[in-house]
Amino acid sequence: MTRRLLLLSNSTLHNGKYLEWAKSEILDFLNRKNVKKVLFVPYASFTHDEYTNEVKKALEPWGFQVEGIHSSPDPVQAVAQAESIFIGGGNTFLLLKTLYSNGLIAPIQKQVLENGLPYIGSSAGTNVSTVSINTTNDMPIVYPPSFMALNLVPFNINPHYLDPDHNSKHMGETREKRIKEYHEIEDSPPVLGLREGSLLAVDGNQATLKGHYSARLFVRGKEPVEYDVGADLSFLL
């Protein structure tokens, strides 16, 4: 399989600029394929122009031309002609609904899985790269026709994963409890809890945890397991 994915938990770290924390990984990821143009998908936001301009300000100084898919009269054709694709964060339900509305699920799958189109996802863009959006943290502000997503990897990811704060008096469910609730569903796939400042790099059938923090893997019927930065997570593929 020719897929090449860079799946970020988040786009911005505290006191940092947009995408700055992952700059070296993004540069290496795109430059290895001599990418000059990035097709940006701002569908996780209602303000497409503003969002695309934010991405341009980050990536163009690094040497990449950014085009917003919303500016194309034919989004499917834009994906077919793209050198790379970046799907940003925001509301996952809005993002997936718009991908379905524009008929982009199959075209993106084909480009990434068959033709090796480099795919970068951040937050919601990482959520939609997985089996489903069932483990997003976002509110269902719109209703997509299905929760099934791009299925570029055969598991789910929970971006912005938060550990329980044992000093907090908050009595609501922890992120871990919510993921375990999801795993009450029979045949539900594993869920990788990606903390902010971490990413998963996928190259074919090789998956490696990168960034600043460990990740927590949840598998139905098993206890969660921590994996350190640099861990080989190819077994998930």
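Is Asn-34 buried or exposed? In this predicted model, Asn-34 has a relative accessible area of 60%, and because anything over 50% counts as exposed, this residue is exposed. Following the chain, one finds Asn-34 in the loop between helix α1 and strand β2, the latter spanning residues 37-41. Its backbone also deserves a careful look, since Asn-34 has a positive phi of about 55° although it is not a glycine. To see what is unusual in such an angle, it helps to know that most residues other than glycine have a negative phi.

A positive phi of about 70° is found at Leu-19, which is likewise not a glycine. Leu-19 belongs to the loop that runs between strand β1, residues 4-8, and helix α1, residues 23-31. With regard to its surroundings, Leu-19 has a relative accessibility of 1%, and because the limit for a buried residue is under 20%, Leu-19 counts as buried.

From these two loops we can turn to the second largest pocket, which holds about 230 Å³ of space. Its lining includes the residues Asn-134, Thr-135, Thr-136, Asn-137 and Asp-138, together with Asn-158, and further along the chain Arg-175, Arg-178, Ile-179, Glu-181 and Tyr-182 also take part. Helix α7, which covers residues 175-182, gives the most to this lining, with 5 residues. When the lining residues of the second largest pocket are sorted by chemical character, 2 are nonpolar, 5 are polar and 4 are charged.

Notes:
Residues numbered from 1 in each chain as written. Predicted model: local features only at pLDDT ≥ 70, side-chain atom pairs only at ≥ 80, totals over all residues. Heavy atoms only, no water. 1 Å grid on protein atoms, 1.4 Å probe; cavity = no way out; pocket = protein on both sides within 12 Å on 5 of 7 lines; lining within 4 Å. Points joined across faces, edges and corners; volume = space filled by probe spheres on them. Helix = DSSP H or I, 4+ residues; strand = E, 2+ residues; numbered from the N terminus. Nonpolar A, V, L, I, M, F, W, Y, C, P; charged D, E, K, R; others polar. Buried < 20%, exposed > 50% of the residue type's maximum accessible area, 1.4 Å probe, protein only.
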